[in-house]
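Me: I am new to this structure. Please take me through the terms, and tell me how each one is justified.

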Amino acid sequence: MDNVQSNKVDPPAIEVVEACGEWFVRVVEDGKATTTSFELEAFALTFAEGQRMRLGLEKIARI
């Protein structure tokens, strides 16, 4: 199988997920993703909402 490289850049996005009692917010910006963890859901959602507003996105994806 040939290695195929794609120049596709992921669009900006905000994702919130809970795993093992911890909350994670993944922010995709300029094709790069960063993940921040929180102990409390409320803190994660507040952070995600701030990032959504900063990036001018319509929604947050809850995974």
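Reply: Start with one term. A residue is buried when its relative accessible area is under 20%, and exposed when that value is over 50%. The model is a predicted one. By that cut-off, buried residues make up 19% of the 63 residues in the protein chain.

Me: What is the pattern of the protein chain along the sequence?
Reply: The pattern reads β-β-β-α-β. In total there are one helix and four strands.

Me: How do you know that E1 and E2 pair?
Reply: Two strands count as paired if DSSP finds at least two bridges between them. Strand E1 (residues 13-19) and strand E2 (residues 22-29) share seven bridges, in the antiparallel sense. Seven meets that requirement, so the two strands pair. Within this pairing, Glu 18 stands opposite Trp 23 in E2.

Me: What makes E3 and E4 edge strands?
Reply: The order in the open sheet is E3-E2-E1-E4, with mixed pairing. Strand E3 (32-38) and strand E4 (61-62) each pair on one side only, and that makes them the edge strands. Strands of a sheet pair through backbone hydrogen bonds, either parallel or antiparallel.

Me: Why is the span of H1 said to agree with what is expected?
Reply: The expected span is 1.5 Å times one less than the number of residues. H1 has 15 residues, so it should span 21 Å. Its end C-alpha atoms are 21 Å apart, so the two values agree.

Me: Which residues of H1 are called buried?
Reply: They are Ala 44, Ala 48, Gln 51 and Arg 52. Each is therefore under 20% relative accessible area.

Me: How do you know that the buried residues are on the same side of H1?
Reply: They cover an arc of only 105 degrees around the axis, which puts them on the same side of H1. An α-helix has 3.6 residues a turn, so residues three or four places apart point the same way.

Me: What does the face of H1 turned away from the buried side carry?
Reply: That face carries Phe 43, Thr 46 and Met 53, which are exposed. Each is therefore over 50% relative accessible area.

Me: Where does H1 lie, and what do its buried residues pack against?
Reply: Helix H1 (residues 41-55) lies across E1, E2, E3 and E4. It runs at about 10 degrees to E2. The buried residues of H1 pack against E1, E2 and E3.

Me: What follows H1?
Reply: Gly 56 does, and its phi is positive, near 70 degrees.

How values were computed:
Residues are numbered from 1 along each chain as its sequence is written. This is a predicted model: local features need pLDDT of at least 70, side-chain atom pairs count only at pLDDT 80 or more; totals for chains, interfaces and linings use all residues. Side-chain values use heavy atoms; hydrogens and water are left out. Contact means heavy atoms within 4.5 Å. Axes are lines fitted to C-alpha atoms, for helices over the stretch in contact, and angles run from 0 to 180 degrees between N-to-C directions. Buried means under 20% relative accessible area, exposed over 50%, partly exposed in between (1.4 Å probe, protein chains only). The arc is that of the directions from the helix axis to the C-beta atoms.
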